[in-house]
Amino acid sequence: GEKYKGINQGPIFSPDGKHMAFVISSNNLTDYNNTLILDGKPQKQYTEIDEIAFSPDGKHISYTASKADPTNKLLRRYYVIRDGEESESYDWIGELTYTPDSSQLIYVVRNGLSQYLVGWTRKEFQALYDQITDIIISPDGKHVAFKGMRRKEWYAVIDGHESKAYM
């Protein structure tokens, strides 16, 4: 079989214990040398696979992955892969967070210099920040909060409403 450098990430179990995933790195010299192994089955190869997240009910798996930009091999494009489906590409993706009922996946993307949330359907969450961290969703799934930084000032953002600025 194919030779592998090792396991880069994981293993990680789904919350219900029915699924297990980890990331391997192959020894080949191509641009695509990281593969998620889900329940023993290899998925699509990418240059890098970063964050892995199972939904709370264990029925969905998502992860962030990157591959070389087709127009400039020195740059990477980032994707979220949810249940094998690849999102549109971004300059960066992180903070994969499922709603408690597992119905939605929310994450932070960056295109250019600004970051914003994707997956949450309300317009007020499209405000641009220099950085977004610590996404949290209320147990009933009705509210989302995060820390957002703009021009070196931090805000607590709850349901799209910013607190006063903190430096």
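Is Tyr-129 buried or exposed? Tyr-129 is buried, with a relative accessible area of 2%. That residue makes a good doorway into this predicted model, and we will come back to its ring partner after a look at the overall layout.

Let's start with the whole chain. It holds zero helices and 15 strands, so please keep an eye on how those strands pair as you turn the view. Of the 167 residues, 42% count as buried. If you take the contacts with a separation of 6 or more, residues 24 or more positions apart account for 25% of them.

Now for the sheets. Strands of a sheet pair through backbone hydrogen bonds, either parallel or antiparallel. One open sheet here has four strands in the order E5-E6-E7-E8, and its pairing is antiparallel. E5 and strand E8, residues 85-86, stand at the edges with a single partner strand each, so each has one side left without a neighbour in the sheet. Between E5 and E6 you can trace five bridges in the antiparallel sense. A handy place to begin is Ile-49, whose bridge partner in E6 is Ala-65.

Further along the chain, three strands form another open sheet, in the order E9-E10-E11, again with antiparallel pairing. Its edge strands are E9 and E11, each of which pairs on one side only. From one strand to the next, the twist averages 20°. E9, residues 92-98, is mostly covered, with five of its seven residues buried. It pairs with E10, residues 105-111, over five antiparallel bridges, and E10 pairs with E11 over five bridges in the antiparallel sense as well. Val-109 lets you step across this sheet: it is the bridge partner in E10 of Ile-93, and it stands opposite Tyr-116 in E11.

What about the packing of side chains? In soluble globular proteins, nonpolar side chains tend to be buried together. Here the largest nonpolar core has 13 residues, and those with the most contacts inside it are Leu-36, Ile-49, Ile-61 and Tyr-63. The elements that give two or more residues to this core are E2 (20-26), E3 (34-38), E5 (48-54), E6 (61-69) and E7 (72-82). Leu-36 is a rewarding residue to centre on. Beyond its neighbours within four places in sequence, its contacts include Ala-21, Phe-22 and Val-23, along with Ile-49, Ile-52, Ile-61 and Tyr-63. The list also takes in Lys-41, Pro-42 and Gln-43. A second, separate core has 12 residues, among them Ala-53, Val-80, Tyr-107 and Tyr-116. Tyr-116 is thus a residue you have already met, opposite Val-109.

Back to Tyr-129 and its ring. A pair of aromatic rings is described by the distance of the centres and the angle of the planes. A search of the whole structure finds one such pair. The rings of Tyr-129 and Phe-146 have centres 5.7 Å apart and planes at 85°, so the arrangement is edge-to-face. Tyr-129 lies in the loop between E11 (114-118) and E12 (131-137), while Phe-146 belongs to E13 (residues 144-150), so the pair ties together parts that are 17 residues apart in sequence. Phe-146 counts as buried too, at 5% relative accessibility.

Aromatic rings also meet charges in this model. The charged end of Lys-67 sits over the ring of Tyr-79, 4.9 Å from its centre. Likewise, Lys-147 places its charged end over the ring of Trp-154, at 5.8 Å from the centre.

Finally, a few backbone details deserve a closer look. Most residues other than glycine have a negative phi, and most peptide bonds are trans. The bond from Gly-10 to Pro-11 is cis, with omega near 10°, and Pro-11 has its place in strand E1, residues 4-13. Asp-83, in the loop between E7 and E8, has a positive phi near 50° and is partly exposed, with a relative accessible area of 39%. Glu-95 lies within strand E9, yet its phi is positive, at about 60°; this residue is partly exposed at 25% relative accessible area. Ser-102 adds another positive phi, near 70°, in the hairpin of E9 and E10, where six residues lie between the strands.

Note on methods:
Residues are numbered from 1 along each chain as its sequence is written. This is a predicted model: local features need pLDDT of at least 70, side-chain atom pairs count only at pLDDT 80 or more; totals for chains, interfaces and linings use all residues. Side-chain values use heavy atoms; hydrogens and water are left out. Buried means under 20% relative accessible area, exposed over 50%, partly exposed in between (1.4 Å probe, protein chains only). Two strands pair if DSSP finds at least two bridges between them. Rings of Phe, Tyr and Trp (its six-membered ring) pair if their centres lie within 6.5 Å; planes under 30 degrees apart count as stacked, over 60 as edge-to-face and the rest as tilted. A charge sits over a ring if NZ of Lys or CZ of Arg is within 6 Å of the ring centre and within 35 degrees of the ring normal. A nonpolar core is a set of buried Ala, Val, Leu, Ile, Met, Phe, Trp, Tyr and Cys residues joined through side-chain atoms within 4.5 Å. Contact means heavy atoms within 4.5 Å. Axes are lines fitted to C-alpha atoms, for helices over the stretch in contact, and angles run from 0 to 180 degrees between N-to-C directions.
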